[in-house]
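Biologist: Before we begin, could you show me the model, so that we can read its features together, one at a time?

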Amino acid sequence: MKYIGIDGCKSGWFYVGLNGNGSASFGVFRYLDELSEHMQDAAAVLVDIPIGLKGQGSEERLCDKQARAVLSPKKKPCVFRAPSRCAIEADSYAEANARNLACTGKGLARQCYGIVPKIGEMDVFLRSQPRRHKVREMHPEVAFRALNHCQSMRFSKKKAEGFEERMAILLRYLPAAGKIV
């Protein structure tokens, strides 16, 4: 796989791999260690989860601020504030929120807490991964905006119109996108 897109899911980590010849593969890695064997040949691994977590301090990650800056007002909430590293090992939302507040002066959104275990798993994986330089955080709404001539998506991804809008964009760049999806 030349390019790999990955996101957390209930069964582990869903991935789509694109090869240089336009073919694709997809599946689920139960554990992130399974990704390691594919990273050697990959040019890039794009992950839809916060990486590069901060430990202390109230300053928000620059990538989150920049992502929100390019999105339309109704899409800005899609990019939530990433947790601090000190919050990711908490056993409950209350504990994670308190830890994040103590380390950054900011609370932790419930939406963010829902993926804290995956954020923590990725954080541990990357800190031990020699090829971590190939892994880049990617936000789907920012990516679709870039592919759509710097125009934000008009429809929610959860609506039929949103799915169709995104598929049309993907088909412009990858004619086999319909078959892959």
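Biologist: Let me start with a single side chain: is Cys63 buried, partly exposed or exposed?

Modeller: Keep in mind throughout that this is a predicted model. Cys63 is partly exposed, with a relative accessible area of 38%.

Biologist: Which cysteine sulfur is closest to that of Cys63, and how far away is it?

Modeller: The closest one belongs to Cys112, and because the two sulfur atoms are 12 Å apart, they are too far from each other for a bond. Cys150 is likewise in no disulfide, since the nearest cysteine sulfur, that of Cys78, is 17 Å away.

Biologist: Which cysteines, then, form a disulfide?

Modeller: The general idea is that a disulfide is a covalent bond between the sulfur atoms of two cysteines. With a cut-off of 2.5 Å between sulfur atoms, the count in this model comes to one disulfide. That disulfide is formed by Cys86 and Cys103, whose sulfur atoms are 2.0 Å apart. Cys86 lies in the loop between helix H2 (62-70) and helix H3 (93-104), whereas Cys103 is in H3 itself, so the pair ties together parts that are 17 residues apart in sequence. As for their surroundings, Cys86 is partly exposed at a relative accessible area of 22%, while Cys103 counts as buried at 11%.

Biologist: Since Cys103 brings us to H3, how should I check the length of that helix, and which of its residues are buried?

Modeller: For the length, take 1.5 Å a residue: the twelve residues of H3 should then span 16 Å, and its end C-alpha atoms are 16 Å apart, which agrees. The buried residues of H3 are Tyr93, Ala96, Asn100, Cys103 and Thr104. Seen down the helix axis, these buried residues fall within an arc of 105 degrees, so they line one face of H3. The face turned away from that buried side carries Ala94 and Ala102, which are exposed. Helix H4 (110-113) is included in what covers the buried residues of H3, and just after H3 comes Gly105, with a positive phi of about 80 degrees.

Biologist: If I read H2 in the same manner, which of its residues are buried?

Modeller: In H2 the buried residues are Asp64, Ala67 and Arg68. Their arc, seen down the axis of H2, is within 95 degrees, so they too line one face of the helix. On the other side of H2, Leu62 and Ala69 are exposed, and what covers the buried residues includes strand S5 (135-137) and helix H6.

Biologist: S5 is a strand, so let me turn to the sheet: in what order do the strands lie?

Modeller: In general, the side chains of a regular strand alternate between the two faces of the sheet. Here five strands form an open sheet in the order S3-S2-S1-S4-S5, with mixed pairing. Its edge strands are S3 (24-29) and S5, each of which pairs on one side only, and the twist averages 25 degrees from one strand to the next.

Biologist: Which pairs of strands run antiparallel and which run parallel?

Modeller: S1 (residues 3-9) and S2 (residues 12-18) pair in the antiparallel sense over seven bridges, and a hairpin joins S1 to S2 through two residues. As a landmark in that pairing, Tyr15 in S2 is the bridge partner of Ile6. S2 and S3 are also antiparallel, over six bridges, with Phe14 opposite Val28 in S3. By contrast, S1 and S4 (residues 44-47) run parallel and are joined by four bridges, where Gly5 stands opposite Leu46 in S4.

Biologist: Which strands does helix H5 lie across?

Modeller: Helix H5 (residues 116-127) lies across S1, S2, S4 and S5, and runs at about 60 degrees to S2.

Biologist: Finally, a question on the backbone: which residue in the loop between H6 and H7 should I look at for its phi?

Modeller: The general expectation is that most residues other than glycine have a negative phi. His149, in the loop between H6 (140-147) and H7 (160-173), has a positive phi near 55 degrees. Cys150, in the loop between H6 and H7 as well, has a positive phi near 60 degrees. His149 is exposed, at 59% relative accessible area, whereas Cys150 is partly exposed, at 46%.

Conventions:
Residues are numbered from 1 along each chain as its sequence is written. This is a predicted model: local features need pLDDT of at least 70, side-chain atom pairs count only at pLDDT 80 or more; totals for chains, interfaces and linings use all residues. Side-chain values use heavy atoms; hydrogens and water are left out. Two strands pair if DSSP finds at least two bridges between them. Buried means under 20% relative accessible area, exposed over 50%, partly exposed in between (1.4 Å probe, protein chains only). The arc is that of the directions from the helix axis to the C-beta atoms. Contact means heavy atoms within 4.5 Å. Axes are lines fitted to C-alpha atoms, for helices over the stretch in contact, and angles run from 0 to 180 degrees between N-to-C directions. The expected span of a helix is 1.5 Å times one less than its number of residues.
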